[in-house]
Structures are given as structure tokens and as C-alpha cells.
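Colleague: Could you take a close look at one part of this model for me and talk me through what you find there? I would enjoy a connected account more than a list.

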Amino acid sequence: MENMDIKKTILSGVQPSGTLTIGNYLGALRNWAKMQNDYNCYFCVVDLHAITVRQVPAELRQNCLKTLALYLAVGIDPNKNALFLQSHVPAHAELSWVLSCYTMYGELSRMTQFKDKSAKHSDNINAGLFTYPVLMAADILLYQPDLVPVGSDQKQHIELARDIANRFNNVYSETFKIPEPYMPKIGTRIMSLSEPTSKMSKSDSGDGSIFLLDNKDAVIRKIKRAVTDSGSEVRYAEGKDGINNLMSIYSAFTGKTFDEIENEFSGKGYGDFKLAVGETVADALADIQDKYNVFISDKEQLNKILLDGSQKASYTAEKTLRKVYRKVGFYSIK
Ligand code: TRP
């Protein structure tokens, strides 16, 4: 049997809102790069989702290309995977409409991300923000994936996608594969440096996030300023959220265990530890940035990758969409 046929399928996506952070890298991109040989992969830049909050058009366009160039810079191979922009595959918006008729108002009102985002953007609680999870369900279900790698904050959305898929399958017979969420192992949930109880965010305008395109000075400075506690011992413990987070970051970049890190810094203070974390992160980013700079300066190649990716994605997405249109009873002239 051809290898393609026995490989499981995965799909994931990142919003092109702002620049990706080391949290996106450690929690998503780096794992995707590892999975690309063992899975049949679709990696999407979800630009339709991005406009649920106001975007500056020129920045949105640029952020889409930057996100793609970062996918490539971390080693995600366009020949092995479908890399594409959501807006280039119309089936996402089309299936989203159909699925919205199989999603309940009450279900969407219970989504914690909707509640959080509508509190944060109280001047713009638009219908797209409300139906965001339906579009996400369409992103997923179009590709019939076995697994959807996401951070734990997206688990509720995957559960909703499964509920919608089951509901549709029960009404019309088997149409969608029921996907499983696939969470990275604990320790890769990277928190804000300035507020270590909340997730590191792409849209942080202060010093809480380290962006993949930050230079060495910025990385060292942000880590130096990272919120810690009044103690002085580098130790992973409850109540030491800031230090725990820095230890997670250091561990993720060096492969060292927490025990090893505690030994390495025993008798040394937070200052020495922060400097080591800063140097390590900056070096790792420099490597990614060298590659990024090559990709981002070749727009022709990026366009070609996107065209190719959208064709690969459309092929699968269209197949599912046609099946759905037939099942719900849309008349076809083909
Ligand atoms: N909602 C996801 C996030 O904010 C992004 C996303 C959109 C996504 N569509 C998806 C993730 C499909 C996985 C699969 O992180």
C-alpha cells in the first residue's frame, strides 16, 4: 500500500494576528515540524478568523506572509505538507454556513473564548466573533483529520466541532470523521513574562511576549524584566509561576529536565538564571531568523507555495463539501 494511505491526517492553524511568539513555536510549530514525516498534514493560516477583531489591512496581508515564512523557517516542508491561507480555499466559508445551521445558539454562547474576547473587545462584539467556532469546525471537518494539534485553550472548540460532526452524521449518515484533539505534552504551555498566570499572547504590546522575530537585545531585556517572586532559588514549585515559566522555556529550548536545571543553578540567583535563559532563547531565535530572512525576501517563492498549498487543500476540501451539499439536498447541475 502507498505510504500516503496509511498515514493519519492532521490539520492545524494559527491566526495571522501579530507576530508569532515562542509560545506558538514551542506549543505548535515545532511539534508540527516533528509530525510532518509521520502524518499527512494540512497547516493553515486562518486569515478569515483574524478579521473577527479589527485588523489593519496592509498588516494583515503582511502577517499572513510572515506567518508562512515562519512555518518554513522552523522546517515545515511545503513539499510534504499543504501550507495555505484559509481565504484561498472558499470551501471553508461555504461549509461554515452549512454547519452554522447545525450549531445551536446556546452552544456558541457557552464558549469561553467568545466570552473572553467579547469582554476584551466590548465595542465590537460582531456575529463573526460569535460564530468563530463554527468556522473552525469547518476548517477541521473539511479535511477529515484523525488529529487536531492545539493548545489546551482550544479544547472546547474541538469538542464543539465533534458535536457538530456527530449531529450532522446522525441526521444524514456518516459524512465527517470525528477528530481527536492532540495536546502537546505539559510544560509547553508558555505563559506571559509579565503576567505568568496567563498565556503568552501574539497581541501583547508590553514586554510579556517574546516574538520569534525579536532581536537578541529585546529577548535578553524582556527575560531580565520577567516577573518572578521574592525568593532566590531556581526551583520548580507551586506559587513560583514566573520561575516555573522560565524553567519551562529553558527546558524546552535545551532539552534539560527541571532537576538538571535546578542543579545547574543551585547557589546562583535569578539574575544568572535569567541571563542563561535569555542567551539560550536568543541563540535559538537567531537560527530561525536567518532562515526566515531568506524566505520572506522571496515573495515569488512564497506565492508559489501558497498556490500549490491551496490546490492541495482544495482538492480534499471540495470533496467533503460536495458530499455535504448532496446530503443536505442542494440541487446539482454537474
Ligand atoms: N482558534 C485557533 C486558535 O486561536 C486557530 C484555529 C482556527 C485552528 N481554525 C483552526 C486551530 C483549526 C486548529 C484547527 O488557536
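Modeller: Happy to. Let me begin with a rule for rings: two rings of Phe, Tyr or Trp (its six-membered ring) are a pair if their centres lie within 6.5 Å, and the angle between the planes makes the pair stacked when under 30 degrees, edge-to-face when over 60 and tilted for the rest. Please keep in mind that this is a predicted model. By the rule above, the count in it comes to 16 aromatic pairs.

One of these pairs is a good way into helix α9. F168 and Y172 have their ring centres 4.6 Å apart and their planes at 40 degrees, a tilted pair. Helix α9 spans residues 155-172 and holds both residues, 4 positions apart, which is about one turn of the helix. What sets the two apart is their accessibility: F168 is buried, because its relative accessible area is 0%, while Y172 reaches 22% and therefore counts as partly exposed. For a pair of another kind, look at F265 and F273: their centres are 5.0 Å apart and their planes stand at 70 degrees, so this pair is edge-to-face. F265 is buried at 4% relative accessible area, and F273 is buried too, at 0%. Back at α9, F168 and Y172 are joined by Y102 and F176 in one aromatic cluster.

Just past the helix comes S173, in the loop between α9 and β5 (180-182). S173 is not a glycine, yet its phi is positive, near 85 degrees. With a relative accessible area of 40%, S173 is partly exposed.

Now to the partner of α9. Helix α8 packs against α9 with the axes 9 Å apart and at an angle of about 70 degrees. An angle from 65 to 115 degrees counts as roughly perpendicular, so that is the description for α8 and α9. On the α8 side the contact involves Y132, P133, M136, A137, I140 and L141, and these meet H157, I158, L160, A161, I164 and A165 of α9. By residue type, this contact has 11 nonpolar members, 1 polar and no charged.

Helix α8 (residues 127-141) has another neighbour, α5 (residues 91-100): their axes come within 8 Å and cross at roughly 120 degrees. That angle makes α5 oblique to α8, and the crossing is right-handed. From α5, the contact takes in H92, A93, L95, S96, L99 and S100, and from α8 it takes in V134, L135, A137, A138, D139 and L141. Here the residues divide into 8 nonpolar, 3 polar and 1 charged. If you compare the two lists, A137 and L141 of α8 appear in the contact with α9 and also in the contact with α5.

After α8, the loop leading to β4 (147-149) holds Q144. Like S173, Q144 is a residue other than glycine with a positive phi, here about 50 degrees. Buried or exposed, what is Q144? Its relative accessibility is 18%, so Q144 counts as buried.

To recap the helices: α8 lies roughly perpendicular to α9, and α5 lies oblique to α8.

Terms used:
Residues numbered from 1 in each chain as written. Predicted model: local features only at pLDDT ≥ 70, side-chain atom pairs only at ≥ 80, totals over all residues. Heavy atoms only, no water. Axes fitted to C-alpha atoms, helices over the stretch in contact; angles between N-to-C directions. Parallel < 35°, antiparallel > 145°, perpendicular 65-115°, else oblique. Left-handed = near helix turned anticlockwise from the far one by under 90°. Contact = heavy atoms within 4.5 Å. Nonpolar A, V, L, I, M, F, W, Y, C, P; charged D, E, K, R; others polar. Buried < 20%, exposed > 50% of the residue type's maximum accessible area, 1.4 Å probe, protein only.
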